[in-house]
Amino acid sequence: MAKQWSKNEKINIIEESKKIGITNAALKYDVSTSTVKRWKAEFKTKGEGVLEWGNGIQTKRSIKKFKSHDWIFKDPVDMTTEELR
């Protein structure tokens, strides 16, 4: 399982990436460069509140994906023909 970074840790990594570059900061903290880039973009557009666990873009995508499969929890008697397929 991937490490869960706190908001303060993310901010420190973002600040470090400004000083030494994204690639070097990613190597130093053992996190992917794409993750650092995503954190920087989210922080720039939405502020530090988005860096709290569960507030990021990826979490919101997962929630949408999960909601689209809510039929999994239905009783087969209550399902439409399309859901049964």
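These questions and answers walk through a predicted model of one protein.

Trainee: How many helices and strands does the protein have?
Mentor: Read along the sequence, the pattern is α-α-α-α-α. No strand appears in that pattern. The count is 5 helices and 0 strands.

Trainee: Is I11 buried or exposed?
Mentor: Start with its place: I11 is found in helix α1, residues 7–20. Buried means under 20% relative accessible area. I11 has a relative accessible area of 18%, so I11 is buried.

Trainee: Which residues is I11 in contact with, leaving aside neighbours within four places in sequence?
Mentor: Take F43 as one partner. I11 and F43 are 32 residues apart along the chain, yet their C-alpha atoms are separated by 8.5 Å. The full set for I11 is F43, E48 and L51.

Trainee: Which residues does L51 touch, not counting those up to four places away in sequence?
Mentor: I11 already has L51 among its contacts. F43 touches both, being a contact of I11 and of L51. The list for L51 is K7, K10, I11, I14, W39 and F43.

Trainee: Which helix supplies the largest share of the largest nonpolar core?
Mentor: In soluble globular proteins, nonpolar side chains tend to be buried together. Here the largest nonpolar core has 9 residues: W5, I11, I13, I14, A26, V31, V36, W39 and L51. At least two of these core residues come from each of α1 and α3 (33–46). The largest share, 3 residues, comes from α1.

Trainee: Are α1 and α3 roughly parallel or roughly perpendicular?
Mentor: Two packed helices are described by the angle between their axes and the distance between the axes. The axes of α1 and α3 come within 10 Å and cross at roughly 100°. Angles of 65 to 115 degrees count as roughly perpendicular. That makes α1, relative to α3, roughly perpendicular.

Trainee: How many nonpolar, polar and charged residues are in the contact of α1 with α3?
Mentor: The axes of α1 and α3 come within 10 Å. From α1, the contact uses K10, I11, I13, I14, S17 and K18. From α3, it uses V36, W39, K40 and F43. By class, that gives 6 nonpolar, 1 polar and 3 charged residues.

Trainee: Which residues form an aromatic pair?
Mentor: The count comes to 1 aromatic pair. The pair is edge-to-face, with 6.1 Å centre to centre and 70° between the planes. One partner lies in the segment before α1 and the other in helix α3, so the pair ties together parts 34 residues apart in sequence. The partners are W5 and W39.

Trainee: What is the relative accessibility of W39?
Mentor: Compare its ring partner. W5 is buried, with a relative accessible area of 15%. W39 also counts as buried, because its relative accessibility is 4%.

Trainee: What percentage of the residues in the protein is buried?
Mentor: I11 is one buried residue, and W5 is another. The protein has 85 residues. Buried residues make up 21%.

Trainee: Which residue has a positive phi although it is not a glycine?
Mentor: Most residues other than glycine have a negative phi. The exception here has a phi of about 55°. Its place is in the loop between α2 (22–29) and α3. At 69% relative accessibility it counts as exposed, and its name is D30.

Note on methods. Residues are numbered from 1 along each chain as its sequence is written. This is a predicted model: local features need pLDDT of at least 70, side-chain atom pairs count only at pLDDT 80 or more; totals for chains, interfaces and linings use all residues. Side-chain values use heavy atoms; hydrogens and water are left out. Helices (H or I, at least four residues) and strands (E, at least two) are DSSP runs, numbered from the N terminus. Buried means under 20% relative accessible area, exposed over 50%, partly exposed in between (1.4 Å probe, protein chains only). Contact means heavy atoms within 4.5 Å. A nonpolar core is a set of buried Ala, Val, Leu, Ile, Met, Phe, Trp, Tyr and Cys residues joined through side-chain atoms within 4.5 Å. Axes are lines fitted to C-alpha atoms, for helices over the stretch in contact, and angles run from 0 to 180 degrees between N-to-C directions. Angles under 35 degrees count as roughly parallel, over 145 as roughly antiparallel, 65 to 115 as roughly perpendicular and the rest as oblique. Ala, Val, Leu, Ile, Met, Phe, Trp, Tyr, Cys and Pro count as nonpolar, Asp, Glu, Lys and Arg as charged, and the others, Gly among them, as polar. Rings of Phe, Tyr and Trp (its six-membered ring) pair if their centres lie within 6.5 Å; planes under 30 degrees apart count as stacked, over 60 as edge-to-face and the rest as tilted.
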